[in-house]
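Colleague: I would like a close look at one part of this model, the stretch that a record annotates as a domain. Please also show me how the rest of the chain is laid out around that part.

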Amino acid sequence: MLSGHHLETLIAVVEEESFGAAASRLRITQSAVSQRIRALEQQVGHVVVTREGPCRPTAQGEVLLGLARGVASLEADALGRLAGGARSAVLDVGVNADSLATWFRDVIAAVAALPDGPLLRLVVDDEHHTADLLRAGSVLAAITTDPEPVQGCAVEYLGTMRYLPVCTPAYAARWRIAGRWRWREMPVVQFDLRKDELQNKVLHRRGIKEAPPMHRIPSSEAFTHAVRAGLGWGSLPEADLGDALDRGALIRLTDDTVDVKLYWQSWRLHTRATERLADAIHAAAAVHLR
């Protein structure tokens with residue numbers, strides 16, 4: 001059986017990115033950290049963390065990291081129950097930026113209202129890549145677009161997040177000539193130049209393969225502000241528009257929508273903390289997602 005101390009040390013080394021920082025966190029010597037990691041590696045027959053530069057888990061270490069986080073969550077849940085809820089579980093959760101900026105706020109409020117709720121540690125990534133955080137053992141659960149369960153995880157459909165391509169009237173006056181948009185020339189706002197597919201889908205539907213001029217704004221709130229300020233056009237979450245379309249502050253470029261199906265994937269832990277979080281997520285999704 002793998003040692004709980006060894007798994008705890010693996011988490012500390014990966015999160016602190018060095019043996020010395022992990023030693024300070026665990027309040028043991030750096031030599032003790034090295035001994036625990038070596039003992040773990042000898043037991044599983046693989047190197048589990050890199051030694052040069054920031055410590056990173058190897059492929060085998062990622063498998064153990066997921067196990068270690070699951071064990072830590074189960075332990076916190078058991079001790080919390082024994083102590084009458086005195087110890088809060090730590091839940092590492094992957095979430096996409098747009099969800100975090102919109103409907104996931106209700107989840108945070110629900111967790112805050114719990115007298116003995118879990119400690120949330122959110123990891124933000126594109127919704128198409130959050131499942132990779134599960135595979136890497138970086139999180140115990142994630143909001144993702146991947147309907148196929150990661151090994152060891154359960155998956156549940158949450159709903160659809162709808163996006164509308166919009167711009168300001170002033171932007172439209174500049175870039176729409178005789179009722180036709182100058183798609184190849186007019187600047188677009190992108191969240192991430194490598195991962196952002198929302199604007200690309202709108203362009204590809206119009207046969208635009210080459211990249212138009214792009215602004216990179218890697219923040220959901222700042223992205224929305226940039227579009228509302230007229231910096232470029234962009235696809236905004238329907239929930240983020242408010243009455244901007246009715247007031248004429250924003251206009252739609254097309255009748256197109258970009259629909260993103262979201263799923264909740266989590267390790268099969270069945271702890272009180274994970275169940276409460278899942279309940280809060282499903283409740284918020286039922287209100288805000290299609």
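**A close look at the annotated stretch**

Modeller: The protein is divided into domain 1, residues 1–82, and domain 2, residues 161–258. Keep in mind that this is a predicted model. The C-alpha centres of domain 1 and domain 2 lie 44 Å apart.

Now to your part. The UniProt record, an unreviewed entry, carries the annotation "domain: HTH lysR-type" for residues 1–58. Over residues 1–58 the chain is 62% helix and 0% strand. The C-alpha atoms at the two ends of this stretch are 21 Å apart.

Start with a loop. Glu17 sits between helix H1 (4–16) and helix H2 (19–26). Its backbone deserves a look. Most residues other than glycine have a negative phi. Glu17 is not a glycine, yet its phi is positive, about 70°. Glu17 counts as partly exposed because its relative accessibility is 36%, between the 20% and 50% cut-offs.

Move on to the loop between H2 and H3, where Arg27 is found. Arg27 also has a positive phi, near 60°, and is a residue other than glycine. Arg27 has 79% relative accessibility, so it counts as exposed, the cut-off being over 50%.

Next comes Cys55. This residue is found in the loop between helix H3 (30–44) and helix H4 (59–82). Is Cys55 buried or exposed? Its relative accessible area is 3%, under the 20% cut-off, so Cys55 is buried. What does Cys55 touch, leaving out residues up to four places away in sequence? The list is Val13, Val14, Glu17, Ser18, Phe19 and Thr50. Glu17 from the earlier loop is one of these partners. Val13 and Val14 are also among them, and helix H1 spans 4–16. Phe19 is on the list as well, and helix H2 spans 19–26. For a view beyond your part, take Ala154. Ala154 is 99 residues from Cys55 along the chain, and their C-alpha atoms are separated by 30 Å.

Now follow the chain further. Val260 lies in strand S11. With 4% relative accessibility, under the 20% cut-off, Val260 counts as buried. Leaving aside neighbours within four places in sequence, Val260 is in contact with Glu127, Thr145, Gly159, Thr160, Met161, Tyr163 and Leu198. Val260 and Ala76 are 184 residues apart in sequence, and their C-alpha atoms are 34 Å apart in space.

One of those contacts, Leu198, leads to another helix. Helix H9 covers residues 198–205, and its buried residues are Leu198, Gln199, Asn200, Val202 and Leu203. An α-helix has 3.6 residues a turn, so residues three or four places apart point the same way. After H9 comes Gly207, with a positive phi near 75°.

Strand S11 also brings us to a cavity. The count is 2 cavities of 30 Å³ or more. The second largest cavity has a volume of about 50 Å³. Which elements each supply at least two residues of its lining? They are strand S1 (90–95), strand S11 (258–267) and helix H12 (272–288). The lining residues are Leu91, Asp92, Val93, Leu140, Ala141, Trp264, Ser266, Trp267, Leu269, Thr274 and Leu277. By class, the lining has 8 nonpolar, 2 polar and 1 charged residues.

Technical notes
Residues numbered from 1 in each chain as written. Predicted model: local features only at pLDDT ≥ 70, side-chain atom pairs only at ≥ 80, totals over all residues. Heavy atoms only, no water. 1 Å grid on protein atoms, 1.4 Å probe; cavity = no way out; pocket = protein on both sides within 12 Å on 5 of 7 lines; lining within 4 Å. Points joined across faces, edges and corners; volume = space filled by probe spheres on them. Helix = DSSP H or I, 4+ residues; strand = E, 2+ residues; numbered from the N terminus. Nonpolar A, V, L, I, M, F, W, Y, C, P; charged D, E, K, R; others polar. UniProt positions renumbered as here; feature names shortened; annotations may be inferred. Buried < 20%, exposed > 50% of the residue type's maximum accessible area, 1.4 Å probe, protein only. Contact = heavy atoms within 4.5 Å. Domains from an automatic or database assignment.
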